[in-house]
Amino acid sequence: MNFIMPHLPVLQVAIPLIAAPICVLFTFGGHRKVAWLFTLAVSWVCFLIAGALLSRVLLDTDISYAIGNWPPPFGIEYRVDPINAFVLLIISGISAIALPFARLSVEKEIETDRHILFYTSYLLCLTGLLGVTITGDAFNIFVFLEISSLSTYVLIATGVRQDRRALTAAYNYLILGTIGATFFVIGIGLLYMVTGTLNIADLAERLQPLSDNRVVHAGFAFIVIGMGLKLALFPMHVWLPNAYTYAPSLVTVFLAATSTKVSVYVLLRFLFTVFGPSYDFVNLTFEFVLLPLAIVAMFAGSITAIFQTNAKRLFAYSSVAQLGYMMLGVALSNIPGLMATILHIFNHALMKGALFMALGCVMYRLGTVSLGSMKGLGRSMPWTMGALILGGLSLIGVPGTVGFISKWHLILGTLEAGFWPIAILIVASSLLAVIYIWKIVEVAYLEKEINQEKTLKEAPISMLAPLWVLVILNFYFGIDADLTTWVARNVAETFLGGES
Amino acid sequence: MTAVAEILLPLNPGIWLIVGALIAVLLPQTLSRWFAVILPVFLIAFLFSLNLDNYGTISFFDYSLETFRLDALSRVFGLIFLIASALGNLYALGDDVDKLQRSAALAYAGGAIAAVFAGDMITLFIFFEVAAVASVFLIWARRTERAFAAGMRYLIFQIGAGVILLAGLLIHFSVTGSINFDKLGLDAPGGILILIAFGIKSAFPLVHNWLQDAYPEATISGTVILSGFTTKLAIYALARSYAGTEILIWIGAVMAILPIFYAIIENDLRRVLTYSLNNQLGFMVVGIGIGTEMALNGTISHAFVHILYKALLLMSMGAVLLRTGTCNGSELGGLVKTMPWTAAFCIVGAASASAFPLFSGFISKSMIITAAGEQGYWIIWLILLFASAGVLYHSGIRIPYFAFFSEDKGHRVKEAPWPMLVAMGAAAFLCIIIGVFPVSLYAMLPFSVDYVPYTAYHVINQLQLLMFAALAFTVLKLIKIYPSDTRGINLDTDWVYRKGLMSLIIYSNRYLSTGYRVVCDGAVGIISEVINSAKQLGNNDGILSRTPALGSSIAWISGLLLLVLLLRFA
């Protein structure tokens, strides 16, 4: 094992990347089940690697890995520190939990002859997300961002069997996502123009004397807006509701839990490692752009969610609101605020993963997730709906769930910054979440069942088991938050420590 | 294992009740019925077996939560809550409740008891919320449209108060770094918010409406159980954290007076009792505001006896509702012939409520009034005396009179079921025992009692008050029935004064309620306006919910880019 350990950073990305073309080979003979097993195995290997990397950076020091032995800043550097090791663990962990759920869900929702290509795209998407997170090279981020985005468009479009609107959703996301990525690469280009480097650590150093440079400022603006678009910051969120609604259940689970979080991570990386709050224009952006947009997102997302009639769309809008919480923590740029953002990256992945997985179970049995058809479902699918409600409690932020942990720190952050009216707004927007979760309780438990002639069965165990793993994690990390808060504090202190 | 046992035992009795609520769901119907009665009785014995101490300290984040603080104050409230839970569940046996309602009753009592024993504000908040959520099911279990709507309004008030409490405790925590639940006062950081939260829960004037709105809409046993916990939990919390806060004296005085006027004109007898509940809470709030040892003792003992006699009165009205199907004073009467036991128990409750000597109310209410006098609050003293007379009028006379003695409306019904009679009997027994042997209650109070209720002065003073109030009732009753006879009765100016005051009250009340309605309608208008505009924004064709054309999204993106670029010049 010893000879593998130093190469873990590159294996984290290389294994799924190589696995993707291998997966295509299963087309010969049509081994759909093998392709799924293969993807599952790859996901678990990635998860183990991410676990090993996280424990190493937490217990030891940051890892720097030079691809092809070209020393940074000349070659591409993979750099693992607590924050990206944490995000790597979230991505690969969600993938590892979601894949056992995937087989039946994919079997039901996607045309049979496309399964193997579906898993291939999934592996590419995983590669892209892991690559964006692990790399220490700004241009490499763009490359992996494109890998994950292109495969995401394909994955969303496979929802066409359920609803043909998946195609326009994918197309809209393609246009907007490409604009986002282009803005990002323009920003990188502008920074390259003045510094001549693409390595993130090097970039940070060389930008220090250039704080008044107009080009640097323009580059910053392009990167912030580009990433804001990718992470669905209100009002640049318009691609998200349709994409989440019409994508196959597995894709929604995976994207909702990981993809926007990776963009949040990249934004954090540029805001705090490359630039940092000591730059005036960064502070002004926090105060005049991110803070107001975050607050508007919290309310606009939740209010829109209340009036949705499709459960997936409802939770998609709720994601817009939740991303508002994350951006609020960034905009506060103090320790509890940033901790809240980092905690929420993890916590939100757990709750949205559980919620969309529960909806995947509903989709499997019912073929639709419109609220109108879910009447009285609490009686015929008690485990699924129970999980949905528990996940909803976590989303609201009931004490004992992970949602409470993030909101607690977020409120502490606003109080520390002296913005106590914002603390009230956070509580008020949580009340809006109570309303839309209550809508589901009402539909599932208080209304009479509509389709009594056909008896609905509970979802199969292979779908319920991963779902309940996520639900239990929602409560476990809500009660014992030592590990997550430790990582979050560690990261928040590094981000802010060097600067102020 | 021993370590686990050391942490868990002794566990807060409220948590046992909440666990019991889950068990009650799983047990078969008959077993579950008795389980709900026996569990609180068992927990009373458990409570007496413990010494006063802090138990169950666990760590959460970096803070230690005291989940079971047993001191004199929390013990007396925990005890009466357990008694109320046992009596309420016994009473519910006669009402044939379903499992949901039984478990809700257990979880509600459990939440309230666990909150009483909470030594820190986080635990307090959590169990406050458990009690709020569990209790609403007692209202919804009535399964009528009205009950659902009233339950919803109730829940909004309760959760709203919970949110304000949370905000207050976060501010308190962020400034002081302490989550201990002890004396706060208005000057403490977050003190005002926390007071508002407790104030809503204890039905301060203007935020009291949830009480009269929701409680009478609950099921028969649900109202009995609801009457015991939420408001008295808030009284406990106020007594612990705001003793001696002067503004509470005046709030309490308004609270003691205002509901009386409503109680007089209300027809639904259970609703009359909730107004009277509100007015009794006013006495307790005054006691907390005065804050001397005697006033606090008075408040605590009044809370104790008040839970008993209010539950007793509501039980008797519940039995009437169960048997006759109505609880409106105008449709009842003459039931003493067919429900003699219920009538007798109701009279015991009424006598206790009106503080007749030898009944429980006498030994507690007079402590508060005396404390007000001793501290020189003469206006308050007079207001409380007037309020006492009002209590006699609406709880003491009106309730038993209309239900059992007024003109026979022809109901020929059976006596109440035996579990209800036993529960009422037990409550009545306790009312009398405490009234005759007040020392039994005084011994449990947090401060030593040197107050003697049975002095000639107190007894005569109270009897005078009661007799004159009774006289007034009789006279008014006669006048109402025989308006032409008024000329023949030779009464003093006193009569003009009382009649004038009465009509003044009725008229002013009419205007008050019109004004109140105008304000309410205005508020409802504004709120529905807000909801409508939110709906227009958020529903399927709304601007937030539509998928906009790509062009307009790109325009937004460019606009934002421009904004960030222009910030350089800011």
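**Chatting through chains A and B**

Student: Which residues of α16(A) meet which residues of α18(A)?

Tutor: On the α16(A) side they are Val402(A), Phe404(A) and Ile405(A), and they meet Asn474(A), Phe477(A) and Gly478(A) in α18(A). Keep in mind that this is a predicted model.

Student: What kinds of residues make up that contact of α16(A) with α18(A)?

Tutor: Four are nonpolar and two are polar, with no charged ones.

Student: And at what angle do the two helices pack?

Tutor: About 40 degrees, with the axes of α16 (residues 402-416) and α18 (residues 461-479) of chain A 7 Å apart. Angles under 35 degrees count as roughly parallel, and α16(A) and α18(A) are therefore oblique to each other.

Student: Let me zoom out. How many helices and strands does chain A have?

Tutor: There are 19 helices and two strands in chain A. Chain A has 500 residues, and 62% of them count as buried.

Student: OK, the strands. In which sense do β1(A) and β2(A) pair?

Tutor: Antiparallel, over four bridges, with β1 covering residues 63-66 of chain A. One of the facing pairs is Ile63(A) opposite Val80(A), which sits in β2(A).

Student: Are the faces of β2(A) covered or open?

Tutor: Both faces are covered. Glu77(A) and Arg79(A) lie on one side, Tyr78(A) and Val80(A) on the other, and all four are buried.

Student: What sits in the loop between β1 and β2 of chain A?

Tutor: Pro73(A), for one, is found in that loop. The peptide bond that leads into Pro73(A) from Pro72(A) is cis, with omega near 5 degrees. Most peptide bonds are trans.

Student: Which other residues does a cis bond join?

Tutor: Phe234(A) and Pro235(A) are joined by one, with omega about -5 degrees. Pro235(A) is in the loop between α8 (214-230) and α9 (239-246) of chain A.

Student: Back to helices. Where is the kink in α3(A) centred?

Tutor: On Ala102(A), where α3 (residues 82-109) of chain A has a kink of about 50 degrees. The helix α3(A) is mostly covered, with 23 of its 28 residues buried.

Student: What does Phe47(A) touch?

Tutor: Leaving aside residues up to four places away in sequence, Phe47(A) touches Ser92(A), Gly93(A) and Ala96(A). Phe47(A) itself belongs to helix α2 (residues 32-59) of chain A.

Student: Why does Phe47(A) count as partly exposed?

Tutor: Because Phe47(A) has 19 C-beta neighbours inside 10 Å, and a residue needs 20 or more to be buried.

Student: New topic: what is the phi of Ser333(A)?

Tutor: Near 45 degrees, so it is positive in a residue that isn't glycine. Most residues other than glycine have a negative phi. Ser333(A) is in the loop between α12 (311-332) and α13 (335-366) of chain A, and it counts as buried, with 26 C-beta neighbours inside 10 Å.

Student: And what about the phi of Leu358(B)?

Tutor: Leu358(B) isn't a glycine either, and its phi is positive at about 80 degrees. Leu358(B) lies in the loop between α15 (340-353) and α16 (360-374) of chain B. With 14 other C-beta atoms within 10 Å, Leu358(B) is partly exposed.

Student: Last one: how many residues from each chain are in the contact?

Tutor: Chain B brings 30 residues and chain A brings 33. On the chain B side, α7 (145-176), α21 (493-538) and α22 (550-566) each give two or more residues. The most come from α22(B), with 10 residues. That side of chain B divides into 20 nonpolar, eight polar and two charged residues.

Note on methods. Residues numbered from 1 in each chain as written. Chains lettered and ligands numbered in written order. Predicted model: local features only at pLDDT ≥ 70, side-chain atom pairs only at ≥ 80, totals over all residues. Buried ≥ 20, exposed ≤ 12 C-beta atoms within 10 Å, placed from the backbone. Contact = placed C-beta atoms within 7 Å. Nonpolar A, V, L, I, M, F, W, Y, C, P; charged D, E, K, R; others polar. Pairing = 2+ DSSP bridges. Bend = angle between axes of the 7 residues up to and from the residue. Axes fitted to C-alpha atoms, helices over the stretch in contact; angles between N-to-C directions. Parallel < 35°, antiparallel > 145°, perpendicular 65-115°, else oblique.
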